[in-house]
Amino acid sequence: MIKWSIRIFGILVLVLGVLFWWLLLSGSNAARSAPGLFDLEDWRSKASAPADQLPTAIRILEVGRDIAPPFAAQAGRFGAPVAMSYNAVEIVYPDRSIIIGGAVDRPTAEGMALSDAEWQFSDAAYSELTQAMLAAEQVLMTHEHLDHVMAIARHPDPAALAPNLVLNQPQIDALPLFADGALDPALTALDSGLSGDVASIAPGLVIVPAAGHTPGSQMVFIRLQNGQEILLIGDIVWNMGAIEALKTRPVLTQYMVFRPNYEDRDAIKQQVRALHDMMADNSGLVVLPAHDRDWLVQAATGEGIEFQPAN
Ligand SMILES: [Zn+2]
Ligand SMILES: [Zn+2]
């Protein structure tokens, strides 16, 4: 009897060990190389414009914040939780602005809340964002996930917003999933304003398609008047530690968080490697993931990058 108990216990430990390995550690190493995946020189040439036409600054407009377990953000990471920011980015020109990111609204943020103590949402910041989207010349998003799309899909004035939207086709196709009820008719007949190729959409501003995290994921390369180069990478990683460690999110997050489960892990592995190597070769380039709050706060040096906290 004792022998059987020991055997069953041993099998249980083994099964739990395999599950732990598979869900939290396996299949999470970045590719060994990703030659030619991203072409910074091409982005630079497409971003070039007379200096007085370039944007002067970017403002990270935070609407909410929370914390995430480290092992869910980066495979093999344990210890302190990762501070998460929910935001959109305003690109400020001398005579206009462009907004990247639909951000998250209060009901969705409440549904996603992980920490009673750290979770915050600012109705004032969200309202400021929806207003800024109407004043903006163009409104884009990095990708079609619920924390990046709600201020578009649920905007209080969709008819006024619609002419400003510049979305790619997978992003347009996803909007009905995130509407509060039926999608407003003003948002049902949008034309894609993006070709799917690397392209400049304004002086100093280049859209770089990067399918992987979602089919419609894209990065945004920005060159400011002061020469600062910035790359918004959306959710390719949640925290910059993943790029430093050459790791992706774990399998656990892919199955529990991303529904439908359409993250292309192989594409992310290539992208993490390419971003890692690009940063190593270009120390002046500021790479900004959407959610890594500590990194975003640190990057806001006052030299053209501002972070406006939700509270
Ligand atoms: Zn996402
Ligand atoms: Zn996100």
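The zinc ion (ligand 2) and the zinc ion (ligand 1) sit 3.6 Å apart, and D235 coordinates both. This picture comes from a predicted model.

Here are the two sites side by side.

| Zinc ion | Protein donors | Donor distances | Angles among the 4 donor atoms |
|---|---|---|---|
| ligand 1 | H143 (NE2), H145 (ND1), H213 (NE2), D235 (OD) | 2.1 to 2.3 Å | 87 to 163 degrees |
| ligand 2 | D147 (OD), H148 (NE2), D235 (OD), H291 (NE2) | 2.0 to 2.1 Å | 87 to 159 degrees |

Start with the zinc ion (ligand 1). Three histidines, H143, H145 and H213, coordinate this ion together with D235. The angles run from 87 to 163 degrees, which makes the arrangement irregular. A tetrahedral site would need all angles between 85 and 135 degrees. Along the chain, the donors follow the spacing H-x1-H-x67-H-x21-D. H143 and H145 are both buried.

Now take the zinc ion (ligand 2). Its protein donors are two aspartates, D147 and D235, and two histidines, H148 and H291. This site is irregular too, with angles of 87 to 159 degrees. The donor residues are spaced D-H-x86-D-x55-H in sequence. H148 belongs to helix α6 (residues 146-153), while H291 is in the loop between β10 (286-289) and α12 (293-299), so the pair ties together parts that are 143 residues apart in sequence. Both of these histidines, H148 and H291, are buried.

D235 links the two sites. This residue bridges the zinc ion (ligand 1) and the zinc ion (ligand 2).

Terms used: Residues numbered from 1 in each chain as written. Chains lettered and ligands numbered in written order. Predicted model: local features only at pLDDT ≥ 70, side-chain atom pairs only at ≥ 80, totals over all residues. Heavy atoms only, no water. Donors = N, O, S within 2.8 Å, 3.2 Å for Na, K, Ca; no water. Tetrahedral: all angles 85-135°; square planar, octahedral: opposite > 155°, others 65-115°. Buried < 20%, exposed > 50% of the residue type's maximum accessible area, 1.4 Å probe, protein only. Helix = DSSP H or I, 4+ residues; strand = E, 2+ residues; numbered from the N terminus.
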